[in-house]
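Trainee: I'm new to this one and would like to learn how to read it. Could we go through it together, feature by feature?

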Amino acid sequence: MRDHILWFNQLGMNDVGVVGGKNASLGEMIQNLSSTGIVVPNGFATTADAFWEFLEQSGLKDKINSKLSALDVADVNELVKVGAEIREWVISTPLPESLENAVCTAYAQMMGEAGTEISVAVRSSATAEDLPEASFAGQQETFLNVVGIEEVLLRIKEVFASLYNDRAISYRVHQGFEHADVALSAGVQRMVRSDIGASGVMFSIDTESGFEDVVFITSSWGLGECVVQGSVNPDEYYVHKLTLADDRPAILTRNRGSKLIKMVYSDVEGQAVDTIDVSVTDQMRFSLTDEDVTGLAKMAMKIEQHYGRPMDIEWGKDGNDGQLYILQARPETVESRSDKNQITRYELKQVDGKVLTTGRSIGQKIGTGKVRIIPGLEYLDQVKEGDVLITDMTDPDWEPVMKKAAAIVTNRGGRTCHAAIIAREIGVPAVVGCGDATRKLSDGNEVTVSCAEGDTGKVYAGLMDYKVKEIELDSLPELPFKVMMNVGNPERAFDFQRLPGAGVGLARLEFIINNTIGVHPKALLNYSMMEVDLKADIDVRIAGYTDPKTFYVKKLEEGISTLAAAFSPNPVIVRMSDFKSNEYANMLGGEMFEPEEENPMIGFRGASRYISSSFRECFELECQALKYVRDEMGLTNVWLMVPFIRTLEEADQVIELLAENGLKSGENGLKVIMMCEVPSNAILADEFLERFDGMSIGSNDLTQLTLGLDRDSGLIAHLFDERDPAVKVLLSRAIEACNKADKYVGICGQGPSDHPDLAKWLMEQGIDSVSLNPDTVVETWLFLAGRKV
């Protein structure tokens, strides 16, 4: 006799054809991973045999196949009509008595084990679902907080009917699956009380770059459907696997989402769930503790190791017992299948476009077209090929038209929502969670959607020119020196690490301070003395962190550790902050702490600033963050670099100050190097090298100070050239001194990126490394190897 239901703990991945990918995976984890601390709520699944019996006994199978074989899914109106007709057939047809009896018996057993009335989730699980080559994300229905056997039986029929949702029919056609070959299983699983806790999705790979050494976690309050559907902008976290495996602090980034709404159990009779507003207090705090984030990441690593591939995992935190549960696990279907030896780069040709709105970028492409604002499902037929689809949020019903779009932009949603998953799968750039896209953009206007500038996606006014480059990584020849990269933005780190190179020759700390923190450090240290309006602005920025000082240090730690993890084990040379007084003054609260200088470029900056009594406490916060990343997180590939040292006396004072803050050259493998950017650095290179572990040449400042010109002045800009003979004399002197002392020497200025011939000259002089802007790495590499670019 055929089984109509099977318990999850009877199932494994060999049963995909019996209960579908989702239910088979739940059983696989219960059987094999429970002993490792991974908890999956038990339940049961109806079988494929039960589904086929239902269709065959009722005569539905032939009727459905006949309808679908004649359907052209490109005709959206006909698709809607046929789908609705088939679903009505399924829902109005009684379940076979044998299947109904089996479900009743199993549900009664679940109630008996619980000792009380329970609520369950009834989820779909298709036999062609959750395969490595296709996600089937959200194609069939899920029902939450289902109570009572009558409701369970009804929801099972509705799950069966959802195999014929418009989006599911279309998706199967586009993925090459025959309708008649796909069966549906209904999984009945005890609910986790995440309605009074938190829930979300995590990937054991970075979904945008394919970087495999991190776990990416999204989280929000309440049931997970809000995160999956994209109706909420969740919190986001990255965790470094290798650091976590060493049992060290491993959270690289924390990004607090708005979390405006949450899904909870409904108090309304006949209504299972309800969506309510989240209190301002909960919006302004993270929905997970660091302990929770670490615990989830460990689970993701175990699940990935068991399945042997990157995984897409849904989880829930029970608000009653505080425990973390795994609710689903399926293969990640996009980045894990990408070609690791080829990189496609999209790059805007202009950088001064008008930004209309921003959100989270999905993919790394650029798309252009006319804005098409779609308020709801009934307007989907208005989307034309090449439109930029703008909406509040998408759901799986939108899938048939999403592939027509040149780009997709939503008000709501995070990087694990439905819109994001489908956009990645069909290769369309998307910007999600903008908040105001439907208000800021006008129907019919031409726009450019850029996902090629990091985690922040941007929508620009007008059609902007861009270029696309295909980079083959397996054909680059050896060079007699190292090519490194200048990387300021940690958001691009996971992407840039795919490029060939020997690490980061310049990581600008001021980029993290300006873009991630945005507040003058003294305004944070003196928070209690700030005016009310300024305090209010600061409160918004630091929300989720215990106090202003902790916020500053933690954000530095996050930025530095992200860069270090991305490029590990290669060195990441972190330059301490090198803001000028006018740049610091532009930060929130900065004007009250900064002097007005006639020429800030050669004023209060670099070492002079660090050792001054007015700034020393701020510099010590930078030291605290660097020490934590190296000593606590164990990312000892971080080197430290001091900029703009004018004299040997300044050098001595900075070295002493660093040592007082636990950053002493040689301890725990630390290298402390200096920027060679003031002519005195090259002239007295031998003496400076007695104090430092090497030099990194800043060709921008060295050129302007050697030639006595202001590089910001348009009147004399034509004189600025790093290849000037006088500059080359100093460059050669610094390189020679470092080589003689057997210490590191590199260059991180703009010169080699702009002038490949200068990079070649430096190579001939015996420099250890040239640090280039990422977009010039491959071209300069090939030039230096004597190949055509």
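Mentor: Sure, and let's begin with a term: buried means under 20% relative accessible area, exposed means over 50%, and partly exposed is in between, using a 1.4 Å probe and protein chains only. Keep in mind that this is a predicted model, where local features need pLDDT of at least 70, side-chain atom pairs count only at pLDDT 80 or more, and totals for chains, interfaces and linings use all residues. Residues are numbered from 1 along each chain as its sequence is written, and side-chain values use heavy atoms, with hydrogens and water left out.

Trainee: Let me try that term on a residue. Is Asp-247 buried or exposed?

Mentor: Asp-247 counts as exposed, because its relative accessibility is 64%. You'll find Asp-247 in the loop between helix H9 (241-245) and strand E9 (251-255). Helices (H or I, at least four residues) and strands (E, at least two) are DSSP runs, numbered from the N terminus. Asp-247 also has a positive phi, near 60°, although it is a residue other than glycine.

Trainee: Which strand holds Asn-145, and what is its phi?

Mentor: Asn-145 sits in strand E4 (residues 142-147). Its phi is near 50°, again a positive value in a residue other than glycine. Unlike the loop case, though, Asn-145 is buried, with a relative accessible area of 12%.

Trainee: Let's step back to the whole chain. How many helices and strands does the protein have?

Mentor: There are 30 helices and 30 strands. For overall shape, we use the radius of gyration, taken over C-alpha atoms; the globule rule is 2.2 Å times the number of residues to the power 0.38. With 789 residues, a compact globule would come out near 28 Å, and the protein has 29 Å, so the two agree. Along the principal axes, the C-alpha atoms fill a box of roughly 95 × 55 × 50 Å.

Trainee: What share of the residues is buried?

Mentor: Of the 789 residues, 59% count as buried. As for contacts, the word means heavy atoms within 4.5 Å. Take contacts between residues at least 6 apart in sequence: 70% of these join residues at least 24 apart.

Trainee: How do I see distance in sequence against distance in space?

Mentor: Try two pairs, going C-alpha to C-alpha. Thr-105 and Leu-782 are 677 residues apart in sequence and 70 Å apart in space. Glu-269 and Leu-563 are 294 residues apart in sequence and 52 Å apart in space. Thr-105 belongs to helix H5 (residues 97-114) and is exposed at 54% relative accessibility. Glu-269 lies in the loop between strand E10 (261-265) and strand E11 (273-277), and is exposed too, at 82%.

Trainee: Which residues does Arg-492 touch?

Mentor: Leaving out residues up to four places away in sequence, Arg-492 touches Ala-452, Glu-453 and Gly-454. Arg-492 is in the loop between strand E23 (482-486) and helix H15 (493-496), and counts as buried at 15% relative accessibility.

Trainee: How do I read the buried side of a helix?

Mentor: An α-helix has 3.6 residues a turn, so residues three or four places apart point the same way. Now look at helix H26 (residues 699-707), where the buried residues are Ser-699, Asp-701, Leu-702, Thr-703 and Gln-704. The elements they pack against include strand E27 (672-676), helix H24 (679-683) and helix H27 (725-741). Just after H26 comes Gly-708, with a positive phi near 65°.

Trainee: How many disulfides does a search of the whole structure find?

Mentor: A disulfide is a pair of cysteine sulfur atoms within 2.5 Å, and the search finds 0. The sulfur of Cys-434 is 9.4 Å from the closest cysteine sulfur, in Cys-451, which is too far for a bond. Cys-676 is in no disulfide either, as the nearest cysteine sulfur, that of Cys-738, is 7.5 Å away. Cys-434 is buried at 11% relative accessible area, and Cys-676 is buried at 1%.

Trainee: One last feature: where is the cis peptide bond?

Mentor: It joins Ser-568 and Pro-569, with omega about 5°. Pro-569 is in the loop between helix H19 (548-567) and strand E25 (572-575).
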